[in-house]
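Here's a quick walk through a protein model, from the whole chain down to a few side chains. Have the viewer open as you read.

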Amino acid sequence: MKAIRRFTVRPVLPEPLRPLSELARNLRWSWHAETRDLFQSVDPGRWASSGGDPVRLLGSVRPARLAELAGDRRFLRRLAAVAADLDDYVGGARWYQTQPAGLPSAVAYFSPEFGITAALPQYSGGLGILAGDHLKAASDLGVSLIGVGLLYRHGYFRQTLSRDGWQQEHYPVLDPNELPLTLLREEDGSPAQVSLALPGGRRLRARIWLAQVGRVPLLMLDSDVEENDLGERGVTDRLYGGGSEHRLLQEMLLGIGGVRAVRTYCRLTGHPEPEVFHTNEGHAGFLGLERIAELRAGGQDVDAALEAVRAGTVFTTHTPVPAGIDRFDRELVARHFGPDAELPGIDVERILRLGMETYPGGEPNLFNMAVMGLRLAQRANGVSLLHGRVSREMFAGLWPGFDADEVPITSVTNGVHAPTWVAPDVLRLGAREPGERRAGDALAAGGAERWDRFAGVPDQDIWELRRGLREQLVVEVRERLRVSWRQRGAGTAELGWIDGVLDPDVLTVGFARRVPSYKRLTLMLRDRDRLMDLLLHPERPVQIVVAGKAHPADDSGKRLVQELVRFADDPRVRHRIVFLPDYGMAMAQKLYPGCDIWLNNPLRPLEACGTSGMKAALNGCLNLSVLDGWWDEWFQPDFGWAVPTADGAGTDPDRRDDIEAAALYDLLEQRVTPRFYERGRGGLPDRWIEMVRRTLTLLGPKVLAGRMVREYVERLYTPAAHAHRALTADAARELAAWKARVRAAWHGVSVDHVEATAPAATAELGATLGLRVVVGLGGLGPDEVEVQAVAGRVDLEDRIADATAVPLKPTGGPDLEGRWVYEGPLSLDRSGPYGYTVRVLPAHRLLASGAELGLVALPTEDGTGEGAGVLLR
């Protein structure tokens, strides 16, 4: 029989055990070993069956056991110590509190998904895990941050396999009362709510659930409330589900409703109001519109409000491919805004212009969430050095007239939260002498150039560590494989072979990620005979553990999964290669430490960052990867191997896959496996162990989320907070009026004449050219523009590379025709083919970069500068 109604019966803890409830509700337990150990000791069996979830544990433990613990003085001492440690962690000064004055009072961080712990399944892949690590690292550093997301009642799907290896999806219902969440309530005890207006007089209402992530509150909006109609109740049903309108409503609730939730939370708790709003990918871009509407309600006009909002907004793009960005039909967006829907105080056409692809190569009828994110943020970044470069090229149409490297999108390379992802065995090996700071704290904080604590660890200890982690993975894989085969319909008598799957003494390769086509799950199958030879080599065998989910609507991705599964089902190799369904955080925490090699073979440059390889590296696993994302930035032969790419314009996709797969096989056969299996005089693989040591000591500190969050604070959040403070109501009106005037006058800005005191065709290194430039300013003053000489090496087509901009100074003007003379020296600081040009840019003290307006005036082809374009972003 099925129950007609479901509800949660909460346990009543004896008074001495009340701190357990607070410890369970603060998700710091997910990365704090002492707290997890405490909960495990409550009831080891139930802890295991609860999946390591304290809330589920406390809901299932027997009252007699609770009474026993309430009288156990040793347990109560441990409980008091752990509770006191949490109080100190939450309330004590950390890195952020020791910095000079001027940091943001608070930052609001919006993301469509958050991967904090497997006990709160609100993530699908790298974007969510990155967001979770961002919150945890911010907590460890003491950054005043508020997370904002949605609470999906089905989360992301659970994956199983059919007998023939086809991916199947399941959406278990999540009860918020069974999750480590607390409902935000008004002072009278009623649930706090936010509300959005929908077309036709309907409303979308949502409650606000609070997940406490250490020091950081995470607000999660839930539309499954009785006041909503059935359709609105389903808005937050599942992550990345539904059609266009469903996704649009989710993103309106995240952005607009999220800002309203932040205001509600700050009103009820006294938390400082955010000065900076960080949009993690375009899904939350509507938050900028809501903030404009807030300022409009306070008397600001739209133009001034836009400038004020931009000043305090940071936008992070995570995708290097246009297909990865949400785009909506213009009419769909228009229907959900305006007098009969949401944000009636802002003209619908004005809203649409913020997101329309009004640039060469764009689709003029599509509303692009990333484009809106960039137009509403004064600061933007990609998530690795290479991805920043790719993003500047991808969005260069928004800044016409500028070279891609001048597009104002910087990069902050992602990092990972070490206390979450580093195996306890690795932490113990790297811990310092007793009495010093915990190794976990050191890993979390970032800031170190190297971890010398690993430099002195004996080779034998490192090798035993790696072997022990591999053995733990073998046990985990066999258990998961047995469950998977039972789900596929196999009986006990069929599964005896699983006891021989994998070997703790064989080189183990891991490959686990989402399964879009560009990540090339099946590249390893390109030459199956050669792969079989690697797996079954009599002296140097390889074993491979694979995991990954295809999007439910992506049949091509599902076919890739099926192809891999069918190969792994082959009785000849199934003891050497396995596919594990339902990849998630719990599996990943076992997989990264247990592998010797982490494989990554995307189509370069389509991997924005690829943080799974970072998590593996923190556990002493070596990377074998295409030079994409973070690996392109930090690869050294000390840390692993780079798979060569065949990315020439003339190489078709099939040919490229053949070439790169062959290069992968070559590396495994000729360099990787020989190094793993070779033995030095002491019987250990000395050269392999040295690579593990260097990975930990030199690469480890680079890949930390603590390092990443510090960079965000120093390079993006703090400048954004300063810009926000500078944009008072009067300053915002002044800047908006100035921009309007500059745009109107720009057609009259020109570079009319350029001359130089130059030698003929050649010049000596170290010499100086004197430049004299005549410009028309179209009625603008010399304090409203900057005239620059831009110089550097030139290629065969006279394009300037590695350009340096040198400002020139006005020396005379205006003449009778309103022209000004600018002069200045240009040092010839590089040898070889060299060239320069001159340009005029708008200049204002409140601009973040000279390219911000997307306006530039250049000389005409003949060098006299007879005209200039009107270049609008």
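Let's start with how the chain is wired. This is a predicted model, and among contacts in the protein chain with a separation of 6 or more, 72% are made by residues 24 or more positions apart. The chain holds 28 helices and 27 strands. Its radius of gyration is 29 Å, close to the 29 Å that the globule rule gives for 873 residues, so the chain is as compact as a globular protein of that length. If you want a box to picture, the C-alpha atoms fill roughly 95 × 70 × 55 Å along the principal axes.

What about the inside and the outside? Of the 873 residues, 57% count as buried. The protein chain exposes about 35,200 Å², and carbon and sulfur atoms supply 50% of that area. On the charge side, there are 104 positive and 116 negative charges, and their mean positions sit 6 Å apart.

Now for the rings. The structure holds 20 aromatic pairs, and here are two of them:

| Pair | Centre to centre | Angle between planes | Arrangement |
|---|---|---|---|
| Trp-451 and Phe-454 | 6.2 Å | 45° | tilted |
| Trp-485 and Trp-497 | 5.9 Å | 90° | edge-to-face |

Trp-485 belongs to helix 19 (residues 459–487), while Trp-497 is in the loop between helix 19 and strand 15 (507–512), so this pair ties together parts that are twelve residues apart in sequence. Are these rings buried or exposed? Trp-485 and Trp-497 are both buried, and Trp-451 and Phe-454 are buried too.

There's also an aromatic cluster to look up: Trp-463, Trp-641, Phe-676, Tyr-677 and Trp-688 form it together.

Finally, zoom in on Leu-204, which you'll find in strand 7 (residues 203–213). Its relative accessible area is 0%, which is under the 20% cut-off, so Leu-204 counts as buried. What does Leu-204 touch, leaving out residues up to four places away in sequence? Its partners include Val-194, Leu-196, Leu-198, Val-235, Leu-249 and Leu-253. Ser-195, Ser-223, Asn-228 and Glu-232 are also among the residues that Leu-204 touches.

For a sense of scale, try drawing a line from Leu-204 to Gly-818: they are 614 residues apart in sequence, and their C-alpha atoms are 57 Å apart in space.

Key:
Residues are numbered from 1 along each chain as its sequence is written. This is a predicted model: local features need pLDDT of at least 70, side-chain atom pairs count only at pLDDT 80 or more; totals for chains, interfaces and linings use all residues. Side-chain values use heavy atoms; hydrogens and water are left out. Helices (H or I, at least four residues) and strands (E, at least two) are DSSP runs, numbered from the N terminus. The radius of gyration is taken over C-alpha atoms; the globule rule is 2.2 Å times the number of residues to the power 0.38. Buried means under 20% relative accessible area, exposed over 50%, partly exposed in between (1.4 Å probe, protein chains only). Contact means heavy atoms within 4.5 Å. Accessible areas come from the Shrake-Rupley method with a 1.4 Å probe; for residues, only the protein chains shown count as cover. Lys and Arg count as positive and Asp and Glu as negative; His and the chain ends are not counted. The place of a charge is taken as NZ of Lys, CZ of Arg, CG of Asp or CD of Glu. Rings of Phe, Tyr and Trp (its six-membered ring) pair if their centres lie within 6.5 Å; planes under 30 degrees apart count as stacked, over 60 as edge-to-face and the rest as tilted.
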